[in-house]
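Colleague: I'm new to reading protein models, and I'd like to learn how to go from a picture to plain statements. Could you walk me through one?

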Amino acid sequence: MNIDRSAHEFRDPDAPPPGPVGRAWRGIKRWSGRNPRLSRVVWFVVGLALLALLIWAIYPRPQKNLRFNQGPQPVGVAVAQDSDIDVTLNALGTVTPMATATVRPQVGGLLIKLNFTEGQMVKAGDVLAQIDPRPYQAALDQARGQLARDSATLANAKVDLQRYQALQAQNAIAQQQVATQAATVQSYQGVVVADQAAVETARINLGYTSVVSPISGRVGIHLVDIGNIVSAGQANGIVVVTQLQPMSVLFTVPEDNVRPVMARLGEGAKLQVDAYDRTQTSKIATGTLSTVDNVVDPSTGSVKMRAMFDNEDHRLFPAQFVNVRLLVNTLHHQTVVPVAAIQRGSDGSYVFVVTPEKTVLQRTVKTGVQDGDRIQIVDGLKAGDTVVVDGADRLRDGADVDVPDQSVKIAAPSENADDAARAARRAELAEAMNKSCSDDLKKLCPDAAAGSREMRTCLFRNRQQLSEPCSKALAQMRRGARAGGAQGGPRP
C-alpha cells in the first residue's frame, strides 16, 4: 500500500474547496511546523504590533491650543461710569426689643379673669388680669375702721389736754398731769399715722389685684390659667409683654472700622442702617445708628452698636437674625465699574480695556471700596473707558475681540503711560515681523493688509508653514506682548 498520498485525498468530499485565505493559513501552519522557534518570535512581534496599533487607535489625540488663534474672542463689555458709591459696613445683627417685661402678680390670690387675648397689642396701664379683690377690700375696710377709732381717741385726748391746760393756768391742777396728757396726745398721733399707713397699704394691695401692663407692646402666650392661685413675685408670671415700637438691632463691627464711624458721628451725621433678611436679598427696614458701645470686646476685637427702627409695619421680630448694612459715607464722582471686570494676578488687579479697533489693553488698576456688584477704581481707569466683564479669562494683552452688543459705543481709552510703552513695543515688534515675514505673507496671506487683524490670524493659522525667520519674529512678538502686560493674565 502506498501511504505517501497528497492531502487532498484525505479531504472530505462534501467540503468546499479551500479559498485563498484557507490556503494561506495552511501554508503558515506548515511553515510554523517546520520552524517552531522562529514562528514563536514572529508571532510575538505580530502581537506587539497589533497591541501598539490598538493603543494608537483608541488613544486620544493631543489637541492644539488654538484658543488664541480662532479669531476674535466674543466678550461682554461695560463702560466705566462717573458715579457715587457708598462706603458701607456689613455685619450680623439681632433684633432686640427696647423693653421686655414679664408681668408678675404683686399680691397672692385667686386669678379670676384675663383681660387680653394672646398676641394682642396693649398699652402701658391696661389691666391684663384680675385677682380676687375681696380679701384685700376687707383688709382695707378693717384698716379704715382702726384709723377711725384711733382718730376719735386722739381727738378726745386733745380735748382733755386743752382742759388740763386751762386748769393749769388757774393753778388748779398739777403740771405733771398736764405733761402726761400731752404725751398721751402725741402717742395717739403716732397711732393715727400708723393707721393711715395701714390704710394706704391696704389700698395699694387692693390695687394690685388688677394686674396692669408696665409697658406698651405685644402680649405673648399666657402662662397662668383662670382659677389658679397666684403668689406675689412668682417666677413664671402671668404673661410676657414685648415692646415692638420702636425696635432696635444690636450688631458688632471690627474695631478697625470704629474710627470712621465715630468720625462721622462727631460731624453730627445720622448714619443710615438697613436690615436685610438672611439671604441679603430683601430689605426689611431702614433705621439710623443710635449708639456705639464704649468698650472693645477683647475676646472678639469688635464693638457693639445699636440701630433704631420705627418698625411701624412690625416686620422686625424680637430675636430675629438680620444682616445689617451700615452706610458710613458716600463718595461722589468716582470711577465705578462692575466687579466682574476686575481680574487678579500675581502683580495685583487688572482689567482689559477695549479700544475702538476691537483689541484689548491689559491695564493694572487700583481698586477701592465695593458696593454690591460695583467697585471703585482709584487709579488706572477714567470714566468712559470700556472694560471687559465677560470672557476675560481667554484674553491677553493686545488680543482681538468681538463685541456682540452693538449698542455699546466704544470710545478711545484714556491715556496711560504703560499703554503707550506697550504700544510702542508692539509697533516695533510688528515692524520687525512684517519685514521678516514679507515672503510668507505674499505666499500664504496675499489678501491680508499689513498689520491688520486678518494678517495676524492668517500667520497664526499657518504657523507650521512659516519660514524660520518669520517663525522667530512671530515668537519674539508674542513674547514681547506677554512681557508688556501684567504677569497675572493668561498666556497663549
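Modeller: Happy to. Let's begin with a charge over a ring: we say so if NZ of Lys or CZ of Arg is within 6 Å of the ring centre and within 35 degrees of the ring normal. In this model, which is predicted, Arg325 sits over the face of Tyr276, 4.6 Å from the ring centre.

Colleague: What about two rings together? How many aromatic pairs does the whole structure have?

Modeller: The general idea is that a pair of aromatic rings is described by the distance of the centres and the angle of the planes. Searching the whole structure here turns up one aromatic pair. The rings belong to Tyr350 and Phe352, with centres 5.7 Å apart and planes at 90°, so we call the pair edge-to-face. Planes over 60 degrees apart get that label.

Colleague: Are Tyr350 and Phe352 buried or exposed?

Modeller: The cut-off you need is that buried means under 20% relative accessible area. Tyr350 has 4% relative accessibility, so Tyr350 is buried. Phe352 is at 0%, so Phe352 is buried too. For the chain as a whole, 33% of the 492 residues count as buried.

Colleague: Okay, let's zoom out. How many helices and strands does the chain have?

Modeller: There are nine helices and 23 strands. Another way to look at the whole chain is to ask how far apart in sequence its contacts are. Take the contacts with a separation of 6 or more: 75% of them are between residues 24 or more positions apart. As for the outside, the accessible surface is about 29600 Å², and carbon and sulfur atoms hold 53% of that.

Colleague: How do I read a helix, say helix 3? What length does helix 3 reach?

Modeller: You compare its end-to-end reach with what you'd expect at 1.5 Å a residue. Helix 3 covers residues 134–169, which makes 36 residues, and it reaches 53 Å from first C-alpha to last, close to the expected 52 Å. Next, look at which residues are hidden: the buried ones in helix 3 include Tyr136, Leu140, Ala143, Leu147 and Asp150. Among the elements that cover the buried residues of helix 3 is helix 4 (175–208).

Colleague: And what happens just after helix 3?

Modeller: Asn171 takes a positive phi there, about 60°. For background, most residues other than glycine have a negative phi, and most peptide bonds are trans.

Colleague: Where else does a positive phi turn up in a residue other than glycine?

Modeller: Try the loop between strand 15 (302–309) and strand 16 (321–338), where you'll find Asn311. Its phi is near 55°. Ala319 is in the loop between strand 15 and strand 16 as well, with a phi near 70°. Now check the accessibility: Asn311 has a relative accessible area of 4% and is therefore buried, while Ala319, at 61%, is exposed.

Colleague: You mentioned peptide bonds. Which one is cis?

Modeller: Look at the bond from Gln245 to Pro246: it is cis, with omega near -10°. Pro246 belongs to the loop between strand 11 (239–242) and strand 12 (247–254).

Colleague: Now sheets. What does a strand order tell me?

Modeller: It lists the strands as they lie beside one another. One open sheet here has four strands in the order 4-11-9-6, paired antiparallel. Its edge strands are strand 4 (100–103) and strand 6 (121–122), each pairing on one side only. Strand 6 is joined to strand 9 (residues 217–219) by two bridges, and one bridge partner pair is Met121 with Arg218.

Colleague: What surrounds Arg218?

Modeller: Leaving out residues up to four places away in sequence, Arg218 touches several, including Gly119, Met121, Val240 and Phe317. The C-alpha atoms of Arg218 and Glu118 are 8.5 Å apart, though 100 residues separate them along the chain. With 35% relative accessibility, Arg218 counts as partly exposed.

Colleague: Can you give me another sheet to practise on?

Modeller: Sure: an open sheet of four strands runs 8-7-5-10, with antiparallel pairing. Strand 8 (210–212) and strand 10 (229–230) are the edge strands. Three bridges link strand 5 (residues 109–114) with strand 7 (residues 127–131), and Leu114 has Ala129 of strand 7 as its bridge partner.

Technical notes:
Residues are numbered from 1 along each chain as its sequence is written. This is a predicted model: local features need pLDDT of at least 70, side-chain atom pairs count only at pLDDT 80 or more; totals for chains, interfaces and linings use all residues. Side-chain values use heavy atoms; hydrogens and water are left out. Rings of Phe, Tyr and Trp (its six-membered ring) pair if their centres lie within 6.5 Å; planes under 30 degrees apart count as stacked, over 60 as edge-to-face and the rest as tilted. Buried means under 20% relative accessible area, exposed over 50%, partly exposed in between (1.4 Å probe, protein chains only). Two strands pair if DSSP finds at least two bridges between them. Contact means heavy atoms within 4.5 Å. Accessible areas come from the Shrake-Rupley method with a 1.4 Å probe; for residues, only the protein chains shown count as cover. The expected span of a helix is 1.5 Å times one less than its number of residues.
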